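Reader: I would like a close look at the strands of this model, at how they are paired and at the side chains that sit among them. Please take me through that part in one connected account.

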Amino acid sequence: MKKSIKSSLLALVVSLAIILSLTGCGGSGNSIVGTWSSDDGGEVLIFEKDGTCSVPFTYDGGWLESCDRYSIAKDGTLFLSSSKGNIDSERYVKQDSEEALRKEGGGYYLSKDKLVIVDFRTVRSYTRQ
């Protein structure tokens, strides 16, 4: 009887540890999906689960459009594109830290509720809403 209780308790503890570790990996915590507000409050980015997005800083006045689609490659590279095809796709390499992002002078860094994008040496910081 005592051995059965110990085995059951051990199985329960291991199961909980596995569930907690899986919850901590991935999930929505490090997903770009959601609404992001710039730190100065002047711009909002929206990334939907279906791959559509609203990214105002990509606006091209010549075509009167901005990127409205995104994808993330297996290596983490973020691609922004226009469904109308008039704007060239924009590519942002995922960096492991803000320091690496600034050193590389381009790309993006994502950590839970913080998103930083650097393009053409312009640093854009956002907070998840």
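**Strand pairing and the residues around it**

Author: Strand β8, residues 114-119, is paired with β9 in the antiparallel sense, and six bridges connect the two. This is a predicted model, and everything that follows should be read as a description of that prediction. Within this pairing, K114 has T127 of β9 as its bridge partner. The hairpin made by β8 and β9 has two residues between the strands, and F120 takes a positive phi there, near 50 degrees.

A positive phi is also found at K112, where the angle is near 50 degrees although the residue is not a glycine. K112 belongs to the loop between β7 and β8, and with a relative accessibility of 58% K112 counts as exposed, because the cut-off for that class is over 50%.

Strand β9, which covers residues 122-128, also pairs with β1, and here three bridges join the two strands in an antiparallel arrangement. One position to look for in that pairing is S38, which stands opposite Y126 in β9. Strand β1 itself spans residues 34-38, and it is joined over four bridges to β2, residues 44-47, again in the antiparallel sense. In that pairing S37 stands opposite V44 of β2.

These pairings can be placed in a wider arrangement, an open sheet of six strands whose order is β3-β2-β1-β9-β8-β7 and whose pairing is antiparallel. At its edges are β3, residues 53-54, and β7, residues 107-111, each of which pairs on one side only. As general background, strands of a sheet pair through backbone hydrogen bonds, and they may do so in a parallel or an antiparallel way.

There is also an open sheet of three strands, in which the order is β4-β5-β6 and the pairing is antiparallel. Its edges are formed by β4 (69-72) and β6 (90-92), and each of these has a single partner strand, so one side of each is left without a neighbour in the sheet. On average, and with direction ignored, neighbouring strands of this sheet are turned by 20 degrees against each other. Strand β5, residues 78-81, runs antiparallel to β6 and is joined to it by three bridges, and F79 stands opposite R91 in β6.

Turning to the side chains, the structure holds two aromatic pairs. In one of them, the ring centres of F47 and Y70 are 5.1 Å apart and the ring planes meet at 90 degrees, so the pair is edge-to-face. Because F47 lies in strand β2 while Y70 lies in strand β4, this pair ties together parts that are 23 residues apart in sequence. F47 and Y70 are both buried.

The other pair consists of F57 and Y92, whose ring centres are 6.5 Å apart and whose planes are at 80 degrees, so this pair is edge-to-face as well. F57 is placed in the loop between β3 and β4, and Y92 is in strand β6, so the pair ties together parts that are 35 residues apart in sequence. F57 and Y92 are both buried.

The cysteines deserve a careful reading, since a search of the whole structure finds zero disulfides. In general terms, a disulfide is a covalent bond between the sulfur atoms of two cysteines. For C53, the closest cysteine sulfur is that of C67, at 6.7 Å, which is too far for a bond, because a disulfide requires the sulfur atoms to be within 2.5 Å. C53 counts as buried at 10% relative accessibility, and C67, with a relative accessible area of 1%, is buried too.

A final residue to examine is Q95, which is found in the loop between β6 and α2 (98-104). With a relative accessible area of 13%, Q95 is buried, because the class takes in values under 20%. When residues up to four places away in sequence are not counted, Q95 touches A100, L101, E104, G106, Y108 and Y109. Of these contacts, Y108 and Y109 fall within the range of β7, residues 107-111, and that strand is an edge of the six-stranded sheet described above.

How values were computed: Residues numbered from 1 in each chain as written. Predicted model: local features only at pLDDT ≥ 70, side-chain atom pairs only at ≥ 80, totals over all residues. Heavy atoms only, no water. Pairing = 2+ DSSP bridges. Axes fitted to C-alpha atoms, helices over the stretch in contact; angles between N-to-C directions. Phe/Tyr/Trp six-rings, centres within 6.5 Å; stacked < 30°, edge-to-face > 60°. Buried < 20%, exposed > 50% of the residue type's maximum accessible area, 1.4 Å probe, protein only. Contact = heavy atoms within 4.5 Å.
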